[in-house]
Amino acid sequence: MVYRAPLMYPAHDLSFSRVGYVSDTTASLIVREPRSSQLPIFVSYRNVHHMSSRAVDESWKAVGKTYWLSNETDYTFTMVIKGLQPSSRYQYAVSNNQSGYFTTAPIAGHIAPDSDKLTFFTSSCIKPRFPYNPLSHPLSMPGFKHVAQWIPKVRASFMLFLGDFIYIDVPRRLGSDPETYRREYRQVYSSPDWPSVSHDLPWIHVMDDHEIANDWDGNTTAPYPAAADPWHLYHTSVNPPPVSLGASYFQFTQGPASFFLMDTRRYRTPSQPLSANASEKSMLGSEQLSDLLKFLSRREPEGVRWKYVISSIPFTRNWRFGSTDTWANYLHERQTILEAMWSVSPGIGVVVLSGDRHEFAATAFPPPEGSRWPVSATVHEFSTSPLSMFYLPFRTYEERDGEGEVCVKYVPDGNSKFGAIEVMGGRGDQGVMRFRLFVDGEEVWTHVLTTGPTVIGGKGSDAVWG
């Protein structure tokens with residue numbers, strides 16, 4: 001089990017393509033092709049469906065080509081398809097016999113003409129052949145099968161994957177060089193189950209500890225440079241644009257929702273010895289924190305009713321096991337962020353999406369009683385994992401009196417968990433979203449949130465969070 005995949009499935013011959021971030025006018029594509037016989041490689045696309053009734057040009061159009069690939073990039077290259085129409089269906093094709101589909105995003109603040117909502121998936125944590133089955137393929141991902149069956153049913157626009165795409169140190173670390181990390185990424189993309197969750201579903205990523213080392217808090221010291229090599233080649237290269245040049249955190253707006261994808265590993269100060277309430281202790285670093293606060297305070301386009309803050313680790317401190325690695329150990333900075341979240345413009349809700357714990361929990365963060373913020377400013381977190389990994393056999397989540405973090409729902413069991421977030425359309429004052437939890441392929445829980453209406457000089461109605 002430990003050595004079979006690394007020794008027998010190094011995936012050097014992996015040939016694949018996938019779509020990353022898709023905006024209303026662009027789509028990012030990554031291709032891997034190690035066979036020199038396939039060079040040069042050409043990429044083209046065509047419109048296969050449009051939401052409007054006007055005639056559509058379905059002829060193939062060239063995107064670009066590459067003449068040379070080498071081990072320097074692990075035989076990968078990226079291209080951005082530009083000049084696309086919003087809310088439109090496209091097919092891409094690569095000359096090495098790779099192809100797939102994607103649908104462009106609606107214009108900011110709007111919903112696609114043929115839908116009443118924007119839907120996307122969220123989860124984290126995958127490991128091939130887990131739980132172990134001697135009859136399954138060494139690179140199989142049982143959780144992918146569950147996601148695949150729901151993609152057409154919910155019409156998901158993308159997957160927000162919140163870290164631990166690889167487990168470099170589970171069950172045993174076999175190296176700390178770039179090739180060892182690259183092999184782990186190639187093995188996931190070589191899984192026989194990968195095509196079913198990527199042929200028609202873009203993936204967007206954040207990084208967590210097991211892409212580097214367990215509970216990583218060493219900034220960019222070794223082995224971070226080796227770990228970051230395939231992380232950038234395979235993931236950030238087709239992620240949304242970074243907030244600033246060289247940054248590894250991202251933001252984008254899609255339809256009625258805006259997103260800020262935090263990096264909770266690269267910039268943090270060590271978890272020890274400073275206390276959780278130490279003012280000089282930081283999860284994000286000063287620049288990323290400043291950018292997050294700007295994101296929370298900025299004015300959104302009309303029709304955007306939700307701000308999603310993406311964290312690879314839980315925002316709540318209700319998880320009592322391993323809490324030194326989570327926001328529970330960085331409470332001073334977390335309080336600054338919470339107060340900024342509570343201060344977001346009326347009519348816009350704030351939701352944190354996280355993973356990491358191999359359990360699910362929904363938590364509400366109401367403002368302190370008697371404070372200057374209304375109850376409608378309550379922040380909510382949905383923490384969902386694993387997508388295809390083990391779950392913890394003992395209970396680690398506990399709400400405690402006086403901490404102001406309300407347990408809405410706790411679902412610890414299940415080797416595969418993912419959420420589907422449905423952000424409803426509409427141009428009125430109130431925003432509506434629904435969270436749907438899937439465990440081992442079955443929908444087990446649904447929860448609806450609303451924002452308070454835009455009000456000047458008074459309090460909005462309370463958000464639904466019980």
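A residue counts as exposed when its relative accessible area is over 50%, and as buried when that value is under 20%. Keep those two cut-offs in mind while walking through this predicted model. Arginine 299 makes a handy test case: its relative accessible area is 79%, so it is exposed. You'll find arginine 299 in the loop that runs between helix H5 (286-297) and strand E13 (306-310). Its C-alpha atom sits 12 Å from that of alanine 257, a residue 42 positions away along the chain.

Now zoom out to the whole chain. DSSP-style bookkeeping gives six helices and 20 strands. The radius of gyration is 22 Å, close to the 23 Å that the globule rule gives for 466 residues, so the chain is as compact as a globular protein of that length. Along the principal axes, the C-alpha trace spans about 70 × 55 × 40 Å. Of the 466 residues, 56% count as buried. Take the contacts between residues at least 6 apart in sequence: 72% of them join residues at least 24 apart.

On the outside, the accessible surface comes to about 18100 Å², and carbon and sulfur atoms own 53% of that. As for charge, there are 43 positive and 47 negative ones, and their mean positions lie 4 Å apart.

Let's go inside. The largest nonpolar core has 42 residues, and the members that touch the most others are Phe121, Phe144, Phe165, Trp203 and Leu387. Two or more residues apiece come from helix H2 (142-154), strand E9 (159-161), helix H3 (178-190), helix H4 (224-234) and strand E18 (417-424). H4 gives the largest share of this core, with seven residues. There is also a second, separate core of 31 residues, with Leu118, Leu261, Tyr308 and Leu437 among its members.

H4 deserves a second look. This helix is mostly covered, with eight of its eleven residues buried. The buried set is Tyr224, Ala226, Ala227, Ala228, Pro230, Trp231, Leu233 and Tyr234. What do the buried residues of H4 pack against? Their partners are strand E1 (16-22), strand E2 (27-32), strand E5 (76-81), H3 and strand E10 (203-205).

Next, some backbone oddities. Most residues other than glycine have a negative phi, and most peptide bonds are trans. Just ahead of H4, the bond from alanine 222 to proline 223 is cis, with omega near 10°; proline 223 belongs to the loop between E10 and H4. Another cis bond links serine 385 to proline 386, where omega is about -5°. Proline 386 is placed in the loop between strand E16 (379-383) and strand E17 (406-411).

Then there is the loop between strand E14 (349-354) and strand E15 (360-365), home to aspartate 356. Aspartate 356 isn't a glycine, yet its phi is positive, at about 90°. Histidine 358 is in the loop between E14 and E15 too, and it has a positive phi near 65°, again in a residue other than glycine.

Are aspartate 356 and histidine 358 buried or exposed? Go back to the cut-off of under 20% for buried. Aspartate 356 has 8% relative accessibility, so it counts as buried. Histidine 358, at 5%, counts as buried as well. Set that against arginine 299, which is exposed at 79%.

Key:
Residues numbered from 1 in each chain as written. Predicted model: local features only at pLDDT ≥ 70, side-chain atom pairs only at ≥ 80, totals over all residues. Heavy atoms only, no water. Helix = DSSP H or I, 4+ residues; strand = E, 2+ residues; numbered from the N terminus. Rg over C-alpha atoms; globule rule 2.2 N^0.38 Å. Buried < 20%, exposed > 50% of the residue type's maximum accessible area, 1.4 Å probe, protein only. Contact = heavy atoms within 4.5 Å. Areas by Shrake-Rupley, 256 points an atom, 1.4 Å probe, with all protein chains shown as cover. Lys, Arg positive; Asp, Glu negative; His and termini not counted. Charge placed at Lys NZ, Arg CZ, Asp CG, Glu CD. Core = buried A, V, L, I, M, F, W, Y, C linked by side-chain atoms within 4.5 Å.
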